Amino acid sequence: MPTVDGLRLQLLGTGNAAGLPVYGCHCTACERARADDRLRRRPCSALLSNGEQQVLLDAGLMDLAERFPLGSLSHILLTHYHPDHVQGLFPLRWGKNTRIPVISPDDAEGCADLYKHPGILDFSQRAYPFRRFRLGGVHVTPLPLNHSKLTLGYCLEQGGKVFAYLTDTAGLQTEVQDFLHAAQPDYLVMDCSFPPATATPRGHNDLNTLLALHESIQPKQTVLTHLDHTLDVWLLENPAALPESVRVGFDGMVLA
């Protein structure tokens, strides 16, 4: 169990479905990531801890059994059922001797046969937009996102600390923006997959959309996640493009 008091979010993965490096790609960002493992981007996911419990946000990493010994996870909180966000559950479900509660959007299909053969995973608890619930001392508010599959982001609050974790989305509904503006997040961790575009791409934010949302919501800090390698290349070519209150996320980054 975690020993650090206070709400803490560690980004375990900050890549999109292709990851970094992208198979067969020789762009600057991909070659750098091959040369330095610290620059790799694994499937987008995070770990929330508060000194009493650990909650895994999304499960795209394929080494969950090695990362999290038996009993170390209190819950798994899913944003949606696209494979790059749940693929790590497929081997984990065949574990023994404990059950892990999985909280997810009310998606009747899920992903492949996870519902049919759940193993140690308990999919009975659903999350619904703006229907607040508690995980131990953490207050969780699900927020509807704009994606190709039913998807939720989560506002996570404890002891005056507020984290918002929003991936995958293309823009945000006005109601969500208003909620987050009122919540005043310490950290807004948000999908930013692509370089600046004239219009928001389908399913994910480009940098222009991300910066407009940052200005609207006005969190203390916005952290980019779910990056495509094309955005990494663009950022290398434009190192002064981001304001001080916007940071690029990386695997292993800790927000506290």
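Is Arg42 buried, partly exposed or exposed? I looked up Arg42 and found it partly exposed, at 26% relative accessibility. The model I am reading is a predicted one.

**Entry 1: around Arg42**

I looked next at the partners of Arg42. Its side chain meets that of Asp37 in a salt bridge, 3.1 Å from N to O. Asp37 is partly exposed, with a relative accessible area of 46%. The side chain of Arg42 also forms a salt bridge with Asp251, at 3.4 Å from N to O. This second pair links distant parts of the chain, 209 residues apart. Arg42 sits in the loop between helix H1 (28-35) and S2, and Asp251 in the loop between strand S13 (246-248) and strand S14 (254-255). I noted Asp251 as buried, because its relative accessible area is 14% and the cut-off for buried is under 20%.

Which residues are linked in the network of salt bridges? I wrote down Asp37, Arg40, Arg42 and Asp251. In general, side chains of opposite charge can pair when their charged atoms come close.

**Entry 2: another salt bridge**

How many salt bridges does the structure hold? The count is 13. I picked out the one between the side chains of Asp113 and Arg93, at 3.1 Å from N to O. This pair, too, links distant parts of the chain, with the two positions 20 residues apart in numbering. Asp113 lies in the loop between strand S5 (100-105) and strand S6 (121-127), while Arg93 lies in the loop between helix H4 (89-92) and S5. I then checked the exposure of both partners. Asp113 is partly exposed, with a relative accessible area of 28%. Arg93 counts as buried, at 6% relative accessibility.

**Entry 3: the nonpolar core**

I turned to the largest nonpolar core, which has 25 residues. The residues with the most contacts inside this core are Leu9, Leu77 and Leu156. Which strands each supply at least two residues of the core? I listed strand S1 (8-13), strand S2 (45-49), strand S3 (54-57), strand S7 (133-135), strand S8 (138-144), strand S9 (152-158), strand S10 (161-166) and strand S11 (187-191). The largest share, three residues, comes from S9.

I followed Leu77 further and left aside residues up to four places away in sequence. Leu77 touches Val55, Leu56, Leu57 and Asp58. Its contacts also include Ile103, Phe133, Val140, Tyr154 and Leu156.

**Entry 4: H1 and H7**

How do H1 and H7 cross, roughly parallel or roughly perpendicular? The axes of H1 and helix H7 (residues 229-237) come within 8 Å and cross at roughly 95°. H1 is therefore roughly perpendicular to H7. I noted the residues on both sides of the contact. From H1 there are Thr28, Ala29, Cys30 and Arg32, and they meet His229, Asp232, Val233 and Leu236 in H7. The residues of this contact divide into four nonpolar, two polar and two charged.

I also checked which parts of H7 are buried. His229, Leu231, Asp232, Val233 and Leu235 in H7 are buried. What covers these buried residues includes H1, S12 and S13.

**Entry 5: backbone oddities**

Most residues other than glycine have a negative phi, and most peptide bonds are trans. I looked for departures from that.

Where is the peptide bond from Leu20 to Pro21 placed, and is it cis or trans? The bond is cis, with omega near 5°, and Pro21 has its place in the loop between S1 and H1. The peptide bond from Thr167 to Asp168 is also cis, with omega near 5°. Asp168 is found in the loop between S10 and helix H5 (174-183).

For phi I noted Gln184, which has a positive value of about 50° although it is not a glycine. Gln184 lies in the loop between H5 and S11. I found Gln184 exposed, with a relative accessible area of 55%. Gln218 has a positive phi as well, near 60°. Gln218 is found in the loop between helix H6 (207-217) and strand S12 (222-225). With a relative accessible area of 48%, Gln218 is partly exposed.

How values were computed. Residues are numbered from 1 along each chain as its sequence is written. This is a predicted model: local features need pLDDT of at least 70, side-chain atom pairs count only at pLDDT 80 or more; totals for chains, interfaces and linings use all residues. Side-chain values use heavy atoms; hydrogens and water are left out. A nonpolar core is a set of buried Ala, Val, Leu, Ile, Met, Phe, Trp, Tyr and Cys residues joined through side-chain atoms within 4.5 Å. Buried means under 20% relative accessible area, exposed over 50%, partly exposed in between (1.4 Å probe, protein chains only). Helices (H or I, at least four residues) and strands (E, at least two) are DSSP runs, numbered from the N terminus. Contact means heavy atoms within 4.5 Å. A salt bridge is a side-chain nitrogen of Lys or Arg within 4 Å of a carboxyl oxygen of Asp or Glu. Axes are lines fitted to C-alpha atoms, for helices over the stretch in contact, and angles run from 0 to 180 degrees between N-to-C directions. Angles under 35 degrees count as roughly parallel, over 145 as roughly antiparallel, 65 to 115 as roughly perpendicular and the rest as oblique. Ala, Val, Leu, Ile, Met, Phe, Trp, Tyr, Cys and Pro count as nonpolar, Asp, Glu, Lys and Arg as charged, and the others, Gly among them, as polar.
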